There are 2 protein chains.
Amino acid sequence: MHRSDHSVRRRFSALRCSLYSGLVVPISEKALISRIRRASIRHSGVALGIGDDCAILRLPAGHEILVTTDFNLEGIHFRREWHPPAPVGHRCLTRGLSDIAAMGGEPIAAFLSLAAPANLPQTWIGNFTHGLLALAENFKITLAGGDTAESPAGILVDIVVVGSVPRGKAVLRSGAKPGDRVYVTGDLGGSAAALGELRAGEKSRPADYPRHFFPIPRVAVGRALRERGLASAMIDVSDGLSTDLAHICEESGVGAEILAPAIPRAFVGRKRKVVDLFHALHGGEDYELLFTAPPGRRVPNRIADVAITFIGNVIRDQHVTLISETGRRHKLRPQGWEHFRR
Amino acid sequence: MHRSDHSVRRRFSALRCSLYSGLVVPISEKALISRIRRASIRHSGVALGIGDDCAILRLPAGHEILVTTDFNLEGIHFRREWHPPAPVGHRCLTRGLSDIAAMGGEPIAAFLSLAAPANLPQTWIGNFTHGLLALAENFKITLAGGDTAESPAGILVDIVVVGSVPRGKAVLRSGAKPGDRVYVTGDLGGSAAALGELRAGEKSRPADYPRHFFPIPRVAVGRALRERGLASAMIDVSDGLSTDLAHICEESGVGAEILAPAIPRAFVGRKRKVVDLFHALHGGEDYELLFTAPPGRRVPNRIADVAITFIGNVIRDQHVTLISETGRRHKLRPQGWEHFRR
């Protein structure tokens, strides 16, 4: 192809020793590779990582494979002027891990496809990778491969996470039944609140908005819910409660009644102000788990040190209704990201 | 985030019924979804495809998982003015399938992450998907998930292919031993020759350059070589013979002597002209298999209707030498894509 074709293409899986070397400012390339390789030997499920045409993964006996893939594109999913590189790396991987959590699964390995523009400072890539690998190490998963390329414009990331779950035991979106109760982990709206600040031109310190800059995926909670057979349906809150609840209802052929005062709202900013209901209902990227449980099951208030809150009930009628403090009923339409941000 | 954030994000895994709806020209969206879903029920290894937080795949007993991921970016890996959309879709998937072939594996499922600029004609996406799915159907694999987004610039594709291989039986790059013989499938240089034409401003008809526009990955050959225990090391020729042979030599800690006259060269163009040696040595994207076999093993001339050609020998000395027709010896340096195209 033309001059730039493949000139910067470096495939992790192909070039064990020249990872990232094609990127324009490869000064600390060796440190980067060394860091990736250190992170690349952790999970016993990875038989072969970076360095061949494919990675080879192994499953525990009687398990199935979970696969999820997520784009993270500059200008679409993050902004360089708003998001420092380490949070961008962290958030990329959180998206994938959160999908594994929502099935009740166990993550094994991640694959990073990264295209960077020629003029991207090398420190950006270093800090991005640092943020991603720190989270990978926390969850003891391997960065087992990927691809790199020169980007025609902006930073382009695609993250794949592969995990496992005992055969037939994954918690799907489609298992909710009328009479089930609806729960959510942690609290909601904190990530959207940070975006609100950023959009208003305010400085948002990562320490004041941890759920936006360094969200921890709820893998342990998801696994516990699956192991204890508590969740009949589950999804992660990536698009906003109203949208993600609609997905469960649609897939399960049910509706729900949600009690507005019961929704746990995040406290954010330096003054720990509670977010408004609109953010909690429609803000996305909280990466909490939204699940339903059969009425007979006792769901604890905390699992793996994360609060679990009852917020409503599954009903037969296929609509979602929001019940206010005064008992007024409103139809709750999905207003996740797409609408929320207009 | 800002207005466009997530407004076009559509996750296959999340939105079973609104796939692609966010893309700007969604006229035949339903036809597209219907086509993807038809292709999405083929492989018995896919327990759950599009429509949840993750896809769920199953392995045959005693097998391991193969994972490969490849970027395909407009302006880097393809050009819209050179490559019609169906070949772009076909070539994207071939890259992944060819990696599975190079391990001797069996593909199960593909995951497509596609970001398109807002002004991309809808027919482009339709034809791209058609090209990709036609190949997926040929290989009886499922398009089991992915992600879509609005692209800030250009068409961005990342393809993941997941496959399986009997435990411990994958053919690695690292197994070549001094005394082994070197073989290649099919013929080489045909894809690079098409690029040469395109760069010179010539029209290249896909029918005249099938290996460039519609390369068929050598999955059956790779599997047969693994099953018969013939290949000691294997790689697919994606970066060019000189570069990919260097990868095998590096990973195996060996060298090789290649007989220039033995290299099978492609016949291309309307007049079926043979490509020159330079293209055959250094041109990439032929997606043939390059492998080594122990000296005692009889390697057939054809496997799965594809020619197998002996081209040289593995040696202890860690250099690659090219021996010309007259017996002259040259050092063969990796001159795949990067250098080839400058």
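These are my notebook entries on what I looked up in a predicted model with chains A and B.

**Entry 1: chain A as a whole**

I began with the secondary structure of chain A, and I noted nine helices and 16 strands. I then looked up burial and found that, of the 342 residues of chain A, 65% count as buried. For the accessible surface of chain A I wrote down about 12,200 Å², with 50% of that area belonging to carbon and sulfur atoms. I also checked contacts between residues at least 6 apart in the sequence of chain A, and 82% of these join residues at least 24 apart.

**Entry 2: A:Met234 in its strand**

I turned to a single residue, A:Met234, which lies in strand E8, residues 233-236 of chain A. Is A:Met234 buried or exposed? Its relative accessibility is 0%, and because buried means under 20%, A:Met234 counts as buried. I also looked up A:Ala170, which is 64 residues from A:Met234 along the chain, and the C-alpha atoms of the two are separated by 9.6 Å.

**Entry 3: helices H2 and H3 of chain A**

I reminded myself that two packed helices are described by the angle between their axes and the distance between the axes. In chain A I took helix H2, residues 85-102, and helix H3, residues 122-138, and found that their axes come within 6 Å and cross at roughly 40°. That angle makes H2(A) oblique to H3(A), and the crossing is right-handed.

Which residues of H2(A) and H3(A) meet? On the H2(A) side I listed several, among them A:Pro85, A:Val88, A:Cys92, A:Leu93 and A:Leu97, while the H3(A) side includes A:Trp124, A:Phe128, A:Leu132 and A:Leu135. Sorted by class, the residues of this contact divide into 11 nonpolar, five polar and no charged.

**Entry 4: helices H2 and H3 of chain B**

I repeated the search in chain B, where the axes of helix H2, residues 85-102, and helix H3, residues 122-138, come within 6 Å and cross at roughly 40°. H2(B) and H3(B) are therefore oblique to each other, and I noted their crossing as right-handed. The residues that meet include B:Ala86, B:Gly89, B:His90 and B:Thr94 from H2(B), with B:Asn127, B:Gly131 and B:Ala136 among those from H3(B). By class, I recorded 11 nonpolar, five polar and no charged residues for the contact of H2(B) with H3(B).

**Entry 5: residues with a positive phi**

Before this search I wrote down that most residues other than glycine have a negative phi. A:Tyr287 is not a glycine, although its phi is positive, at about 55°. I found A:Tyr287 in the loop between helix H8 (277-282) and strand E12 (289-293) of chain A, and with a relative accessible area of 4% A:Tyr287 is buried.

In chain B I looked up B:Arg272, a residue other than glycine with a positive phi near 50°. Where is B:Arg272 found? Its place is the loop between strand E10 (267-268) and strand E11 (273-274) of chain B, and at 41% relative accessibility B:Arg272 counts as partly exposed.

**Entry 6: helix H6 of chain B and what follows it**

Last, I went through helix H6, residues 219-227 of chain B, and the buried residues there are B:Val219, B:Val221, B:Gly222, B:Ala224, B:Leu225 and B:Arg226. Just after H6(B) I came to B:Gly229, which takes a positive phi of about 65°.

Notes: Residues are numbered from 1 along each chain as its sequence is written. Chains are lettered from A and ligands numbered from 1 in the order in which they are written. This is a predicted model: local features need pLDDT of at least 70, side-chain atom pairs count only at pLDDT 80 or more; totals for chains, interfaces and linings use all residues. Side-chain values use heavy atoms; hydrogens and water are left out. Helices (H or I, at least four residues) and strands (E, at least two) are DSSP runs, numbered from the N terminus. Buried means under 20% relative accessible area, exposed over 50%, partly exposed in between (1.4 Å probe, protein chains only). Contact means heavy atoms within 4.5 Å. Accessible areas come from the Shrake-Rupley method with a 1.4 Å probe; for residues, only the protein chains shown count as cover. Axes are lines fitted to C-alpha atoms, for helices over the stretch in contact, and angles run from 0 to 180 degrees between N-to-C directions. Angles under 35 degrees count as roughly parallel, over 145 as roughly antiparallel, 65 to 115 as roughly perpendicular and the rest as oblique. A crossing is left-handed if the near helix is turned anticlockwise from the far one by less than a right angle, and right-handed if clockwise. Ala, Val, Leu, Ile, Met, Phe, Trp, Tyr, Cys and Pro count as nonpolar, Asp, Glu, Lys and Arg as charged, and the others, Gly among them, as polar.
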